[in-house]
Amino acid sequence: MRIDVDEPDARERFWEGMRDVAHAAARYQDQALYQAIVKIGRAALAQGIELVSSGGLFLQCPVCDALPGQRCINMAGHPLHEQTCHPERVELAAKALSGAAPLPPPLH
Ligand SMILES: [Zn+2]
């Protein structure tokens, strides 16, 4: 199978895949799957794969408390503007994966 990295949706699809794994991890309470998410996410960032708005889906949102795998919901003072995740959630994902912030539960 050939993977076209220039495909415009490739990044979205990648992070959607991470979301799907997070969904399975939450459903089965599978710590090994959570560790896999962290490993895959770190490798992806190291390879230069950018975090997109859906890139925060694998962890809980610090703003609206959406659970891993769930889209964010609009909150007073924190409108989503058609985005999948609050910017704070995506930022937390980037920081946690890069080691700049501790991994939030249940990822650690
Ligand atoms: Zn949110």
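Alanine 44 touches Phe14 and Ile49, leaving out residues up to four places away in sequence. This is a predicted model. Alanine 44 lies in helix H2. Is alanine 44 buried or exposed? Neither label fits: alanine 44 has 19 other C-beta atoms within 10 Å, and a buried residue needs 20 or more. Alanine 44 is therefore partly exposed. Now look along the chain to cysteine 61. Alanine 44 and cysteine 61 are 17 residues apart in sequence. In space their C-alpha atoms are 21 Å apart.

The contact with Phe14 leads to the pairing of two helices. Phe14 is in H1, and Ala44 is in H2. The H1 side of this meeting also includes Met18, Val21, Ala22, Ala24 and Ala25. Across from them, H2 brings Leu33, Tyr34, Ala36, Ile37, Ile40 and Gly41, along with Ala44. How do the axes of H1 and H2 cross? They come within 9 Å and cross at roughly 165°. Angles over 145 degrees count as roughly antiparallel, so H1 and H2 are roughly antiparallel to each other. Their crossing is left-handed.

From the helix pair, move to the core. The largest nonpolar core has 21 residues. Met18, Ile37, Phe58 and Ala93 have the most contacts inside it. Which elements give two or more residues to this core? They are helix H1 (10-28), helix H2 (31-46) and helix H3 (87-98). Two of the core residues named above also belong to the helix pair: Met18 on the H1 side and Ile37 on the H2 side. In soluble globular proteins, nonpolar side chains tend to be buried together.

Ala93 shows another part of the core. Its contacts, apart from neighbours within four places in sequence, are Leu51, Gly55, Gly56, Phe58 and Leu59. Phe58 is thus a contact of Ala93, and both are among the residues with the most contacts inside the core.

A record covers much of this ground. UniProt, in an unreviewed entry, places the feature "domain: DNA-binding phage zinc finger" at residues 32-99. Over residues 32-99 the chain is 40% helix and 0% strand. The end C-alpha atoms of that stretch are 19 Å apart.

Finally, go past H3. Histidine 108 lies in the segment after H3. Histidine 108 has 11 C-beta neighbours inside 10 Å, so it counts as exposed. Leaving aside neighbours within four places in sequence, histidine 108 is in contact with Pro102 and Leu103. Where does histidine 108 sit relative to glutamine 31? The two are 77 residues apart in sequence, but 8.8 Å apart in space, C-alpha to C-alpha.

Definitions and conventions
Residues numbered from 1 in each chain as written. Predicted model: local features only at pLDDT ≥ 70, side-chain atom pairs only at ≥ 80, totals over all residues. Core = buried A, V, L, I, M, F, W, Y, C linked by C-beta atoms within 7 Å. Buried ≥ 20, exposed ≤ 12 C-beta atoms within 10 Å, placed from the backbone. Helix = DSSP H or I, 4+ residues; strand = E, 2+ residues; numbered from the N terminus. Contact = placed C-beta atoms within 7 Å. UniProt positions renumbered as here; feature names shortened; annotations may be inferred. Axes fitted to C-alpha atoms, helices over the stretch in contact; angles between N-to-C directions. Parallel < 35°, antiparallel > 145°, perpendicular 65-115°, else oblique. Left-handed = near helix turned anticlockwise from the far one by under 90°.
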